[in-house]
Amino acid sequence: MTTRLTIALASGKGGTGKTTVAVNLASAAAAAGYEVCYVDCDVEEPNGHLFLNPRIRRRYPANVPVPVVDSERCTACGACGEICQYSAIVCINKNVLTFEKMCHGCGGCQLVCPVAAITEKDRETGVVEEGEAGQIAFVHGRLNVGEAMSPPLIRAVRAAGQNKALNIIDVPPGTSCPVIAAIRGVDLVILVTEPTPFGLNDLDLALDMVKELGIPHAVVVNRSEPSNNLARNFCKEREVKLLAEIADDRRVAEAYSRGELAFWSAPGYQAVFDDLLSSIVKEARK
Ligand code: SF4
Ligand code: SF4
């Protein structure tokens with residue numbers, strides 16, 4: 001490969017098998033000779049490591065710069081509170097209060113302070129861990145317990161996992177800020193869904209999100225059955241490309257429950273994920 005590719009595996013909801021697809025794809029890519037990195041951005045509940053068993057080589061914190069107010073300098077002008085969109089700094093009765101856990105670290109308050117009363121300190125939100133699992137480079141993040149602000153950690157994980165020829169991002173479920181932090185700037189988003197009314201409802205929301213962001217995308221149906229046309233009809237109606245279907249197969253679920261990869265342990269699945277990888281790479285290069 002000559003050009004770097006970053007592919008995100010996302011789903012509108014949890015439980016669609018997104019991580020199963022991502023780790024098996026990373027294994028297929030490594031087996032095919034790609035220089036590949038598996039990047040687990042599901043920092044609230046990372047579980048790709050359970051299947052890949054990486055050797056962690058490097059661990060470092062992901063911080064948010066939060067304001068520190070020098071009360072001696074502060075003139076209680078209120079400018080910092082007015083600029084903050086998150087009410088993370090407020091000026092009440094000539095006192096400035098900061099709420100660190102609500103601060104997004106934008107630096108706006110420091111910029112507008114007319115008397116340079118605001119400096120910054122780092123607040124740790126979680127850790128980034130880097131390593132490798134065989135031929136697969138591995139990065140994930142672990143959000144601190146009780147931490148609500150995951151985008152800074154997700155951005156740190158993305159930054160660490162972008163340098164291989166093929167970077168496979170495991171995106172958190174949903175359609176909110178953490179998802180946007182995980183998919184921003186990728187070459188292709190694969191929306192992994194299951195052919196159920198709930199699955200398609202959440203796929204609908206995820207589709208609106210990637211369209212709004214203008215990111216190329218396609219759908220992969222997991223646990224597909226020949227007689228179930230729900231997802232096929234949905235893709236036709238919404239004019240979204242259905243890239244592949246992965247059959248509902250008990251052996252895949254059994255491999256998952258043992259913490260194994262279907263690519264290695266379920267007969268026939270090397271070809272399944274090799275084909276899926278080829279389709280995804282072809283689609284991403286269009
Ligand atoms: S750095 Fe930004 S988000 Fe944090 S308190 Fe200042 S203005 Fe608000
Ligand atoms: S902008 Fe600066 S001087 Fe004004 S209230 Fe905030 S910290 Fe104080």
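# Close-up views of the predicted model

**S87 and its loop.** S87 counts as exposed, because only 11 C-beta neighbours fall inside 10 Å and the cut-off for exposed is 12 or fewer. The model shown here and in the views below is predicted. S87 sits in the loop that connects α3 (79-83) with β4 (89-92). The phi angle of S87 is positive, about 55°, although S87 is not a glycine.

**The hairpin of β4 and β5.** β4 and β5 run antiparallel and are joined by 4 bridges. One of the residue pairs to look for is I89 with T98, its bridge partner in β5. The two strands form a hairpin with 2 residues between them. N93, in the turn of this hairpin, has a positive phi of about 50°.

**E100 and its contacts.** E100 belongs to the loop between β5 (95-98) and α4 (108-112). How exposed is E100? E100 counts as partly exposed, because 15 C-beta neighbours lie inside 10 Å, a count between the limits for exposed (12 or fewer) and buried (20 or more). Leaving aside residues up to four places away in sequence, E100 touches V66 and R123. V64 is 36 residues from E100 in sequence, and their C-alpha atoms are 9.2 Å apart in space.

**Surroundings of ligand 1.** The shell around ligand 1 has 13 residues, of which C84, C103, C106, G108 and C109 come nearest. By residue class, the shell of ligand 1 divides into 9 nonpolar and 4 polar residues, with no charged residue.

**Surroundings of ligand 2.** Ligand 2 is surrounded by 15 residues, and the closest are C74, C77, A79, C80 and C113. The shell of ligand 2 holds 13 nonpolar and 2 polar residues and no charged residue.

**Helix α5 and the elements around it.** Helix α5 covers residues 151-160, and 8 of its 10 residues are buried, so the helix is largely enclosed by the rest of the structure. Which residues of α5 are buried? They are P151, P152, L153, I154, A156, V157, R158 and A160. These buried residues pack against four strands and a helix, namely β2 (36-40), β3 (55-69), β6 (118-133), β7 (136-143) and α6 (177-183). The helix lies across β2, β3, β6 and β7, and α5 runs at about 170° to β7.

**The sheet of 9 strands.** This open sheet has mixed pairing and the strand order β3-β6-β7-β2-β8-β1-β9-β10-β11. Which strands stand at the edges? β3 and β11 (242-247) do; each has a single partner strand, so one side of each is left without a neighbour in the sheet. From one strand to the next, the twist averages 20°.

**Pairing of β9 with β10, and helix α7.** Strand β9 (residues 188-193) pairs with β10 in the parallel sense over 5 bridges. Among the residues to trace is V189, whose bridge partner in β10 is H217. Helix α7 (residues 197-213) lies across β1 (5-10), β9 and β10. The angle between α7 and β9 is about 165°.

**R223 in strand β10.** R223 is part of strand β10, which covers residues 217-224. R223 is buried, because 21 other C-beta atoms lie within 10 Å and the cut-off for buried is 20 or more. What is the phi of R223? Phi is near 55°, a positive value in a residue other than glycine.

**Setting of the views in the whole chain.** The protein chain is divided into domain 1 (5-62 + 126-284) and domain 2 (71-116). The C-alpha centres of domain 1 and domain 2 lie 39 Å apart. The protein chain contains 11 helices and 11 strands. The C-alpha trace spans about 70 × 45 × 35 Å along its principal axes. Of the 286 residues of the protein chain, 46% count as buried. Among contacts with a separation of 6 or more, 73% are between residues 24 or more positions apart.

Technical notes: Residues are numbered from 1 along each chain as its sequence is written. Chains are lettered from A and ligands numbered from 1 in the order in which they are written. This is a predicted model: local features need pLDDT of at least 70, side-chain atom pairs count only at pLDDT 80 or more; totals for chains, interfaces and linings use all residues. A residue is near a molecule or strand if its C-beta atom, placed from the backbone, lies within 6 Å of it. Ala, Val, Leu, Ile, Met, Phe, Trp, Tyr, Cys and Pro count as nonpolar, Asp, Glu, Lys and Arg as charged, and the others, Gly among them, as polar. Two residues are in contact if their C-beta atoms, placed from the backbone, lie within 7 Å. Domain bounds come from an automatic or database domain assignment. Two strands pair if DSSP finds at least two bridges between them. Axes are lines fitted to C-alpha atoms, for helices over the stretch in contact, and angles run from 0 to 180 degrees between N-to-C directions.
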